[in-house]
Each structure stands twice: as C-alpha cells, then as structure tokens.
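Got your viewer open and a cup of coffee to hand? Let's take a walk through this one, a selection at a time.

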Amino acid sequence: MKQIKFQALVVSATEDGGYQRGLQWKRLEDLPEDEIIIQVEYSSLNYKDALSANGNRGVTRRYPHTPGIDAVGRVHRSSVNRFSSGDRVLCMGYDLGMNTPGGFGGYISVPSSWVMALPESLTPLEAMQIGTAGFTAGQCVHRLLELGVQKQQGPVLVTGATGGVGSIAVRLLAAQGFEVVTVTGKPDQHAFLHEIGAGKVIDRQKFLAGADKLLLRERWAGVVDTVGGDFLATAIKGTRYDGVATSCGNAASGDLPLSVYPFILRGVTLSGIDSAKCLMDRRKAIWEKLSGPWRITGLATICRTVALQAIDPEIDRMLAGGAKGRVVVDMREASV
Ligand SMILES: NC(=O)c1ccc[n+]([C@@H]2O[C@H](COP(=O)([O-])OP(=O)(O)OC[C@H]3O[C@@H](n4cnc5c(N)ncnc54)[C@H](OP(=O)(O)O)[C@@H]3O)[C@@H](O)[C@H]2O)c1
C-alpha cells in the first residue's frame, strides 16, 4: 500500500531559547492516534496561529509543533459511523493547532466531536476564507443581536477593523444595515474599510483621546472589540445606555483599564466571545447563518490565498499588527 507523506510547518525550540520554523515531511504515523484522519485541503491564518508559530507557550505548551487552528478537507479514515472516507468536513478550534498538530500540515488526526460536516452551500475555500476569524465575527454579531442591539439605536463600533475578525465583522454588520464605525491604525487602509462597508473610519490614536475619562459621550449601540486594553475600555466608556460590547481579542493588550461606571450608570453589557470551545450546537447554528442568510459577498476583497511555503512572512506581518483581511493557506499540494 502507498505510504502517505505530507508536508507540515514545524515550529521547534532552539538551544538558545528561541524558536525556528520550517517545512518538514511527515507520515500519518507521526500524528496522534484518534478517531478521524482528515486530508487538509485548506487552512487559514489566525492570530493564535501566529502566536503558536512564534513560540508562545500560552498557546502551545509543547514544541516541536504544527500550528493551524482551522482545517477543511476530506475524511481519509474514520473509526466512527457519523463520518465516512471522502466526506467533506470542517474542523476548527478545540485543541487543534494548539497542542494537537494543526491545519498547517497535510493531514490532521482528531476526535470526531471536533468535526462537523462542511455546510453544503460553502466551498472548502469559502469556509477557510471565513475560518475561525470570520466565525468569531459571526459570534460577535450574533451576540449583539441576541442581546437586543438594533440598527435604529446607533452605530456599531469595530476595532482592529482591517484584521481578520474586524474586516468580516464590518462586512456582516454593514450587510445587515448597521451603521459601522471602525478604528484602525492603518492610515492607508481607510478606502479598503469604506469598500467593505464602514461608514466612518477613526484613526487609532484619535480614538484613544479621552481614554483617561471615566465616561465618554454615548455613541455606540454595540461594539465588536478585537484588540482589548485601552481600546475596549474607551469603547465601553462611549457605549450608549443599555448598549452591548463584545470582547473577543487582545491584539493590543489583555488588560481592561476601566471603572464600573459604564455598567452601573448606563446598564452597558460586556459580553465575552470564545470560539475555541464554542459548543457544537451553537457552532453549527452560527455556520448555518454564515452559509445562509448571512452569506458574505465579496470575500475575495478581504482574503488572499497563499501556499504553505509562503506562510512565513504572513505570520510575521500578523504579529507586527500589519494583517489586512484574511489569509487562506492552500494545502492541496501538501501531501503525496
Ligand atoms: N475569542 C476567540 O475565540 C477569538 C477568535 C479569533 C480571534 N481572536 C482574537 O481576536 C484578535 C484579532 O484576531 P485576528 O485574527 O483578526 O487578528 P489580525 O488579523 O492580526 O487583526 C488584528 C488587528 O488588530 C489591530 N491591531 C494589531 N495590533 C494592535 C495594537 N497594538 N493596538 C491596536 N490595534 C492593533 C490591527 O488592525 P488595525 O490596523 O485596523 O487597527 C490588526 O490588523 C486576536 O487577539 C485574536 O487572538 C479571538
């Protein structure tokens, strides 16, 4: 029988306390033994992957390691009845790409509870253009709607707007008729943000003016914050009475320098968003929206596709805060 070999991005610790990454050939036997082996067609680059690829022990405890928290592909082998060889499936989050070899390898081996059928109306490429970042944006929008935010109540603010989560959140909110105000640190990307649906673009530093105040003028009916720190605090201080801020990211900081006043004087709700352990029922419900009524048009404006060999500079760009939109990783040539 033909031996399957596949390429994987492997991040290793070096003797001087640093980390190096490079492509290696692997065999199926190198993967952990688990219920489902998937031949990966596409993965995508998320912030967590960039951290893992850079030796962040908060994300990945054990190296050598293959990052990639997203994967879409075909079932190669399944020991459970729910999935059969050849099924097109999606696997994202849980421990994939954290301490389990991830989607930056040509095959993954995972528990069946992490796997769902690829929604029929999405191509594998589209699923990874959305990926964890887009799914997270979907969760944020879903939460705002669940908690009663309506477009007549005022604009929704999106921070880290040119990033993966931010840009898809802008697109989703604009498509649903919300007035979207964005915060960005990229002066040369204002036109891009308007193109994907932002009504107004605020420069990052200008947005932080007044960050030392306890409360700011009431502006935002809702917030999708991807960066944390002073940005989330400033956004919450400017959230309207009964408004909702969602927090999903920490690209700027994990701190939240804030008083209780927005909560006890304005009834603001702060709602946390996690995609990694999002329950399967909710996961499927969000994907149903993303592949149906919320289907995102113009994904090509937001996403680029690169081969696994070209992922390295994308990782560095993301860690430097320079990411724009989403990067899909084409894994179709990564196995023989
Ligand atoms: N909770 C979850 O389950 C979940 C899921 C996915 C992602 N996340 C988190 O969400 C965040 C965004 O993820 P992503 O995939 O969108 O990453 P990304 O593509 O790298 O986007 C992050 C964006 O944040 C802005 N930014 C970066 N550094 C900043 C800084 N120092 N100060 C202010 N803004 C900064 C930049 O946008 P501008 O230049 O436009 O400001 C950047 O493009 C990350 O923290 C990630 O870990 C969480």
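We'll start with the whole protein, move in to the ligand, and finish at a spot on one strand.

**Stop 1: the whole chain**

Keep in mind as you look around that this is a predicted model. Show everything as a cartoon and you should be able to pick out ten helices and 15 strands. Turn the C-alpha trace along its principal axes and the protein spans about 70 × 45 × 35 Å. How does the radius of gyration of the protein fit with a compact globule? For 336 residues, such a globule would have a radius near 20 Å, and the protein has 20 Å, so the two agree.

Now switch on a surface. About 14500 Å² of the protein is exposed, with carbon and sulfur atoms supplying 48% of that. Of the 336 residues, 55% are buried. If you draw contacts between residues at least 6 apart in sequence, 70% of them join residues at least 24 apart.

**Stop 2: around the ligand**

Select the ligand and bring up its neighbours. How many residues surround the ligand? There are 28, and the closest are Thr162, Val165, Thr184, Cys248 and Ser275. Colour that shell by type and you get twelve nonpolar residues, 13 polar and three charged.

Next, go hunting for the ligand's oxygen atoms:

- Pick threonine 184: an N or O atom in its side chain sits 2.6 Å from an oxygen of the ligand.
- Pick arginine 204: here a polar side-chain atom is 3.1 Å from a ligand oxygen.
- Pick alanine 323: this time a polar backbone atom is the partner, 3.1 Å from an oxygen of the ligand.

Zoom out a little to see how covered the ligand is. On its own the ligand would expose 920 Å², and the protein buries 88% of that. For the elements that each give two or more residues to this shell, highlight helix H2 (124-146), helix H3 (164-175) and strand E9 (180-184).

**Stop 3: alanine 307**

Last selection: strand E14, residues 303-307, where you'll find alanine 307. Is alanine 307 buried, exposed or partly exposed? Its relative accessibility is 36%, so alanine 307 counts as partly exposed.

Show what alanine 307 touches, skipping residues up to four places away in sequence, and you get Val329 and Asp330. Try a distance on that second one: alanine 307 and aspartate 330 are 23 residues apart in sequence, yet their C-alpha atoms are 5.0 Å apart in space.

Conventions: Residues numbered from 1 in each chain as written. Predicted model: local features only at pLDDT ≥ 70, side-chain atom pairs only at ≥ 80, totals over all residues. Heavy atoms only, no water. Near = heavy atom within 4 Å. Polar contact = N/O pair within 3.5 Å; in protein donor to acceptor, adjacent residues only side chain to side chain. Areas by Shrake-Rupley, 256 points an atom, 1.4 Å probe, with all protein chains shown as cover. Helix = DSSP H or I, 4+ residues; strand = E, 2+ residues; numbered from the N terminus. Nonpolar A, V, L, I, M, F, W, Y, C, P; charged D, E, K, R; others polar. Buried < 20%, exposed > 50% of the residue type's maximum accessible area, 1.4 Å probe, protein only. Contact = heavy atoms within 4.5 Å. Rg over C-alpha atoms; globule rule 2.2 N^0.38 Å.
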